[in-house]
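Grab a coffee and work through a few short exercises on cysteines, cores and strands. Try each one yourself before reading the solution.

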Amino acid sequence: MNSEFSKPTVDTESSPHKEKMRRQDAKNSFLPRQIENPILEAVDLNLYYGDNHALTDCSVRFPANKVTALIGPSGCGKSTFLRCFNRMNDVIPGVRTQGRVIVEGRDINVPTLNLEQLRKQVGMVFQRSNPFPTSIFANITFGPKLHGSHTKAELEEICETALKQADLWREVKDRLHTSAMSLSGGQQQRLCIARTLANKPEIILMDEPASALDPISTSKIEDLILELKERYTIIIVTHNMQQAGRISDYTAFFLNGEIVEFNTTEQLFRKPDKELTENYITGRFG
């Protein structure tokens, strides 16, 4: 045992040792034990924006081929946490990360990691659709061209497959070489999902992918997520409690940069373990 913890501590509620142990006990109390072989895992993850401690001691396991929703009020750390899994926070000046982020058994917080390969394996769909100002076909085939050489026939097959998976093929198959900017907002977001799928990821991160869409387009995105989880692991940030309840298998509740509770969505929404979680999902704050 570490000699630091074998020394007596001051008997006060403000003791750093007691505070650390309190957080460890709270963390252990909500980690579902049935997730024995997680595809993603965060272990004692801390992140700082300069002096701002944005994530504190976050530990959680994510099962494969499931949808996990990250919920919580604005500014609680959900999107920051999501970006840790493909190291998108690296592009922000002053960011510092401590702890481990494990993707399929490999710690990705090592300086020798190939970020291009990581972001191919762990794709991301952002809050607002961001198609390239090129053709639909060029959007879909951008990643495959970047990651390796393909014949014209192979690229056409990749494009068709990705658009079919994103439930967009029937709507655009006759105009693949027209501008992606001519698509509607909902179509553009499905195009961005198809562009991610064309890279053949194993994990898809989604940062409020339907927040800027109308109800019909939102419903299409939700139906698509439920279909995609048969082949991919999906982590989604959402402010919509009803959406989390409809599409996710697991839910993590964030507050002030900490994971307050993580459980199956059914358990967390019906009978949460934490009073803070109950207060949030019943609308008492947030």
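Buried means under 20% relative accessible area. Keep in mind that this is a predicted model.

**Exercise 1.** Work out how many disulfides there are, and whether Cys58 and Cys84 are buried or exposed.

*Solution.* Start with the cut-off: a disulfide needs two cysteine sulfur atoms within 2.5 Å. The closest cysteine sulfur to that of Cys58 belongs to Cys84 and sits 8.1 Å away, which is too far for a bond. Looking from the other end, Cys84 is in no disulfide either, as its nearest cysteine sulfur is that of Cys58. The count is therefore 0 disulfides. Now the accessibility: Cys58 has 1%, so call that residue buried. Cys84 has 6%, so Cys84 is buried as well.

**Exercise 2.** Find the residues with the most contacts inside the largest nonpolar core.

*Solution.* This core has 44 residues, and the ones to pick are Ile71 and Leu163. Helix H6, residues 152-165, gives the most to this core, with 5 residues. Next, check what Leu163 touches: leaving out residues up to four places away in sequence, its contacts include Ile136, Trp169, Val172 and Leu191. Apart from this core lies another one, of 33 residues, with Leu40 and Met124 among them.

**Exercise 3.** Work out which strands stand at the edges of the sheet.

*Solution.* Write down the order first: E2-E1-E4-E5, an open sheet with antiparallel pairing. E2 (52-62) and E5 (106-107) each have a single partner strand, so these two are the edges. Then zoom in on E1 (residues 40-49), which pairs with E2 over 7 bridges. Leu40 has Phe62 in E2 as its bridge partner.

Key
Residues are numbered from 1 along each chain as its sequence is written. This is a predicted model: local features need pLDDT of at least 70, side-chain atom pairs count only at pLDDT 80 or more; totals for chains, interfaces and linings use all residues. Side-chain values use heavy atoms; hydrogens and water are left out. Buried means under 20% relative accessible area, exposed over 50%, partly exposed in between (1.4 Å probe, protein chains only). A nonpolar core is a set of buried Ala, Val, Leu, Ile, Met, Phe, Trp, Tyr and Cys residues joined through side-chain atoms within 4.5 Å. Helices (H or I, at least four residues) and strands (E, at least two) are DSSP runs, numbered from the N terminus. Contact means heavy atoms within 4.5 Å. Two strands pair if DSSP finds at least two bridges between them.
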